[in-house]
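Q: Please pick one part of this model and look at it closely, in a connected account that a bench biochemist can follow with the coordinates open. I would like to know where the part sits, what its side chains meet, and what lies around it.

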Amino acid sequence: MRYKVRIIGDPILRKKAEPVEDFDKKLRKFVDDMIDIMYVEDGIGLAAPQIGFSRQVVVVDASELVKGEYPRAFINPEIIEFSEETDVKEEGCLSIPGVHEEVVRSTRIKVKYQDEKGKEYTEEYTDWLARILQHEIDHLNGILFVDRISPIKRNLLITQKAIPAQF
Ligand code: NI
């Protein structure tokens, strides 16, 4: 699949992604391609808008950080519960090269999603998986992690031209 990683400033990163309606062969091929791209780009997660497709598809392989079955795909994911408890960890993003900042996120979330065949699940995730999914699902809603850092740090990144002023 031909693709280009979309960088902050690209309007597609700010759009709400379209829900997936057809759970067909084409979707499964798309998910497989996204997984390949995630590995090529050395990411632990990837959301479809990051490669130019406004669709609610996320893939994750967090095997470096937490044990589990990977790669995994989340179609039409929605976070239905956020824990009040939060923690702070450094994040980066393929769409914001060279920038790493600490982000506050819930340590536990409940996610409703579908798999490639359309089967629905509701599952709870903790720690790194909770963080990665919050980051990736933000992408589907047009939100980037730099939106969630302190205004002072964000202004500094704008001054350093690490991110555009209009984003
Ligand atoms: Ni990202």
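A: What follows is a close look at one helix, the metal site and charged pairs it takes part in, and another helix of the chain.

This is a predicted model, in which local features need pLDDT of at least 70 and side-chain atom pairs count only at pLDDT 80 or more, while totals for chains, interfaces and linings use all residues. Residues are numbered from 1 along each chain as its sequence is written, and side-chain values use heavy atoms, with hydrogens and water left out.

The part chosen is helix H2, residues 127–140; helices here are DSSP runs of H or I with at least four residues, and strands are runs of E with at least two, both numbered from the N terminus. H2 has 14 residues, and from its first C-alpha to its last it reaches 21 Å, close to the 20 Å expected at 1.5 Å a residue; the expected span is 1.5 Å times one less than the number of residues. Twelve of its 14 residues are buried, so H2 is largely enclosed by the rest of the structure. Buried means a relative accessible area under 20%, exposed means over 50%, and partly exposed lies in between, with a 1.4 Å probe and protein chains only. The buried residues of H2 run from Leu129, Ala130, Arg131, Ile132, Leu133 and Gln134 through His135, Glu136, Ile137, Asp138, His139 and Leu140. After H2 comes Gly142, with a positive phi near 75°.

The metal site brings in two of these buried residues. Cys93 (SG), His135 (NE2) and His139 (NE2) coordinate the nickel ion at 2.1 to 2.2 Å, and along the chain these donors follow the spacing C-x41-H-x3-H. Cys93 and His139 link distant parts of the chain, since they are 46 residues apart, with Cys93 in the loop between strand S4 (86–91) and strand S5 (101–106) and His139 in H2. Cys93 and His139 are both buried. Donors are N, O and S atoms within 2.8 Å of the metal (3.2 Å for Na, K and Ca), and because water is not among the atoms, sites may look incomplete.

Charged side chains form the next theme. Side chains of opposite charge can pair when their charged atoms come close. The structure holds twelve salt bridges, each being a side-chain nitrogen of Lys or Arg within 4 Å of a carboxyl oxygen of Asp or Glu. From H2, Arg131 meets Asp87 in a salt bridge with an N to O distance of 2.8 Å; this pair links distant parts of the chain, Arg131 in H2 and Asp87 in S4, 44 residues apart. Arg131 is buried, with a relative accessible area of 3%.

Further along the helix, Asp138 forms a salt bridge with Arg148, whose closest N and O atoms are 2.6 Å apart. Asp138 lies in H2 and Arg148 in the loop between H2 and helix H3 (151–159), so this pair ties together parts that are ten residues apart in sequence. Asp138 is buried at a relative accessible area of 8%, whereas Arg148, at 39%, counts as partly exposed. Through salt bridges that share partners, Asp87, Lys89, Glu91, Arg105, Arg131, Asp138 and Arg148 are joined into one network. Elsewhere in the chain, Asp10 and Arg6 meet in a salt bridge at 3.2 Å, N to O, and Arg6 is partly exposed, with a relative accessible area of 23%.

Helix H1 (residues 25–40) can be set beside H2. Its 16 residues should span 22 Å at 1.5 Å a residue, and its end C-alpha atoms are 23 Å apart, which agrees. Leu27, Phe30, Val31, Asp33, Met34, Ile35, Ile37 and Met38 are buried in H1, and the buried residues of H1 pack against strand S1 (45–47), strand S2 (57–60) and strand S3 (72–82), where contact means heavy atoms within 4.5 Å. Most residues other than glycine have a negative phi. H1 is followed by Asp42, which has a positive phi of about 65° although it is not a glycine. Asp42 lies in the loop between H1 and S1 and is exposed, with a relative accessible area of 66%.
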